[in-house]
Amino acid sequence: MVLDFLAFLFPRRCVFCRVNHADGLCLDCQDKLPWREPVKADAAPVIAPLFYRDAVRLALHRYKFRGYSGYAAVFGELAAQAVKASGAEADVVAWVPCGLFRRWRRGYDQSRLLALAVAGQLGLPAEKLLVKTRSVKSQTKMKDDAARRENVRGVFKAHGSARDKRVLLVDDIRTSGATMNEARATLLSAGAAKVYPCAVASK
């Protein structure tokens with residue numbers, strides 16, 4: 001991507017404030033970001049280091065919609081730290097895939113890049129264990145949780161083998177949980193021993 005090439009040529013700035021020079025995360029933002037309390041993996045709906053608001057929301061929108069794919073390294077490191085703190089013991093890292101059209105339009109699958117970054121931090125393999133079977137309406141435009149659940153019902157299909165594996169399932173953002181829950185249910189139906197949902201940020 002052009003933006004990644006420019007980031008290579010010029011000094012890196014904090015992905016959140018975009019002001020201070022830093023290796024992805026400046027000291028000011030470390031103090032000011034809306035951090036979530038560490039959670040135990042077996043007792044939480046999602047493992048996520050940050051709340052989805054303010055500078056975090058803006059940074060994730062740049063990553064997801066404006067081509068800042070290089071942000072995956074920073075987000076992946078933060079998510080991996082939260083996973084370590086949660087005590088989750090996984091065998092493999094998978095991701096919630098986006099549809100073909102959205103991947104083509106963005107030039108990348110943002111959740112796959114995150115999963116690769118998380119896997120690298122944790123020393124685990126990353127495997128494509130899910131595929132998206134059809135396009136759906138954008139979840140961000142739906143405010144009703146029931147509509148979100150219906151929108152993604154049956155949208156994923158198991159790919160490869162999840163049988164007897166403890167899976168760390170990565171996505172960029174968790175809001176209502178409808179998409180993550182559907183993906184998790186698909187993996188469990190395919191024989192996964194356990195599925196730990198993980199995101200960079202959650203409401």
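# Strands and helix H6 in a predicted model

Reader: Which residue stands opposite valine 195 in E6?

Author: In this predicted model, valine 167 stands opposite valine 195 in E6. From E5 the chain crosses through helix H8 (residues 178-189) to E6, and this β-α-β crossover is right-handed.

Reader: What makes E5 and E6 a pair of strands?

Author: A pair needs at least two bridges. Eight bridges join E5 to E6, so the condition is met. The two strands run parallel.

Reader: How do you know that strand E1 pairs with E6?

Author: Strand E1 (residues 50-51) is joined to E6 by two bridges. The requirement is at least two bridges, so E1 and E6 count as paired. They run parallel, and leucine 50 is opposite alanine 201 in E6.

Reader: Which strands stand at the edges of the sheet, and why?

Author: The open sheet is formed by four strands in the order E1-E6-E5-E2, with parallel pairing. E1 and E2 each have a single partner strand, so one side of each is left without a neighbour in the sheet, and these two strands stand at the edges.

Reader: Why is E6 called largely enclosed by the rest of the structure?

Author: Buried means under 20% relative accessible area. Eight of the nine residues of E6 are buried, so the strand is largely enclosed by the rest of the structure. For the protein, 47% of the 203 residues count as buried.

Reader: How do you know that the span of helix H6 is close to the expected one?

Author: Helix H6 (residues 110-122) has 13 residues. Its first and last C-alpha atoms lie 19 Å apart, against 18 Å expected at 1.5 Å a residue. The reach of H6 is therefore close to the expected span, which is 1.5 Å times one less than the number of residues.

Reader: What is found at the two ends of H6, at aspartate 109 and at glycine 123?

Author: At the start of H6, a side-chain oxygen of aspartate 109 comes to within 3.0 Å of the backbone nitrogen of serine 111. The cut-off for a polar contact is 3.5 Å, so this pair falls inside that distance. Just after H6, glycine 123 has a positive phi of about 70°.

Reader: Which residues of H6 are buried, and what do they pack against?

Author: The buried residues of H6 are Gln110, Ser111, Leu114, Ala115, Ala117, Val118 and Ala119. They pack against several elements, including helix H3 (54-65), helix H4 (72-86), strand E5 (166-174) and strand E6 (194-202).

Reader: Why is leucine 113 called partly exposed?

Author: Leucine 113 lies in helix H6. Its relative accessible area is 24%. Buried means under 20% and exposed over 50%, so leucine 113 falls in between and is called partly exposed.

Reader: What does leucine 113 touch, not counting residues up to four places away in sequence?

Author: Leucine 113 touches Tyr63, Ser69, Ala72 and Tyr108 on that count. The C-alpha atoms of leucine 113 and phenylalanine 75 are separated by 9.8 Å, and these residues are 38 apart along the chain.

Note on methods. Residues numbered from 1 in each chain as written. Predicted model: local features only at pLDDT ≥ 70, side-chain atom pairs only at ≥ 80, totals over all residues. Heavy atoms only, no water. Buried < 20%, exposed > 50% of the residue type's maximum accessible area, 1.4 Å probe, protein only. Contact = heavy atoms within 4.5 Å. Polar contact = N/O pair within 3.5 Å; in protein donor to acceptor, adjacent residues only side chain to side chain. Right-handed = clockwise from strand over helix to strand, strands pointing away.
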